Amino acid sequence: MTQALTKLVKEIRSCTLCTEHLPLGPRPIIQVSSSARILIVGQAPGSRVHETGIPFNDPSGDRLREWMGIDKEVFYDDKKIALVPMGFCFPGTGKSGDLPPRPECADTWRVKLLEQLPNVKLTIIVGQYAQAWHLDKSSKENLTETVMAWKSYWPKAIPLPHPSPRNNIWLKKNPWFEEEVLPSLRKKVKAVLR
C-alpha cells in the first residue's frame, strides 16, 4: 500500500462526520490496497457487518462470492480485491430494509480514494446507490434496466443487483441475469485475477 493510501485509510477509519445519524455509531469498513485489480462498490455495511467489521460477512457476501466464482480467501485478499461501499458505516434500518448510505462518505472520500486504486481492471457496482454514483448519466431508468444494459459498461465495469436474499423475487423474475451475466462475470473475474 502506498504511503498516501495508508494515510487516507487511517483518516477514513477514524471518520466521525455523520455520527449523529448513525444508530450504532461510526465504524467505517473498507478493504483496499493500491494493487487491487477488482473494485467492488456496495451500498453500506449491514448491522452484522458493523458488528464484525468484516465487509460482506453475511448472506449477501456469500451470494456475491458465488456470483463471482471465488472463495473467501480470494475475496478478502486486499491485494486482489478492494471493497469500497458508498457509505462506510451502517446507516440504520428503515421500513423495507437498511437505510440508504449516508451521502457524506461519497462527498468526502470517494474521489480521493478511487484515485489511489490505479490497478483496478474491473469495477463491480452493486445496487442502485452505487450505480447512480459510478454510472452517473449512463445508468438507466431503474436497476433492472441498468443491469440489463450491462454490456454497455463492459469490460471495465458491471452493474449487479444487490445479492441480498431480499432480492430472491427479482432473481426469479429475471432468469437472464444468471444465464447471461454471471457466466461473463465469472470468466472476467478469473482473467483479471490470473
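Which residues does Val147 touch, not counting residues up to four places away in sequence? In this predicted model, the contacts of Val147 comprise Gln131, Pro159, Leu160, Pro161, Trp170, Trp176 and Phe177. Val147 is found in helix 7, which spans residues 143-148. With a relative accessibility of 0%, Val147 counts as buried, because buried residues are those under 20%. As for Thr93, this residue and Val147 are separated by 54 residues in sequence and by 25 Å in space, C-alpha to C-alpha.

Attention turns next to charge on the surface. A patch of negative charge is formed there by Glu66, Glu178, Glu179 and Glu180. Helix 9, covering residues 175-193, supplies three residues, the largest share of this patch. Glu179 is found in helix 9, and its relative accessible area of 57% makes Glu179 exposed.

Salt bridges complete the picture, with six of them found in a search of the whole structure. One of these joins Glu104 and Arg102 through their side chains, at 2.9 Å from N to O; Arg102 is partly exposed, at 23% relative accessibility. Another pairs Lys80 with Asp77, where the closest N and O atoms lie 3.9 Å apart. Both partners can be placed by their accessibility: Lys80 is partly exposed at 33%, and Asp77 is partly exposed at 24%. A salt bridge also links the side chains of Lys137 and Asp136, with an N to O distance of 3.8 Å. Here Lys137 is exposed, at 76% relative accessibility, whereas Asp136 is partly exposed, at 48%.

Conventions:
Residues numbered from 1 in each chain as written. Predicted model: local features only at pLDDT ≥ 70, side-chain atom pairs only at ≥ 80, totals over all residues. Heavy atoms only, no water. Patch = residues over 30% accessible without salt bridge, like charges linked within 9 Å, V, L, I, M, F, W, Y side chains within 5 Å. Areas by Shrake-Rupley, 256 points an atom, 1.4 Å probe, with all protein chains shown as cover. Salt bridge = Lys/Arg side-chain N within 4 Å of Asp/Glu carboxyl O. Lys, Arg positive; Asp, Glu negative; His and termini not counted. Charge placed at Lys NZ, Arg CZ, Asp CG, Glu CD. Helix = DSSP H or I, 4+ residues; strand = E, 2+ residues; numbered from the N terminus. Buried < 20%, exposed > 50% of the residue type's maximum accessible area, 1.4 Å probe, protein only. Contact = heavy atoms within 4.5 Å.
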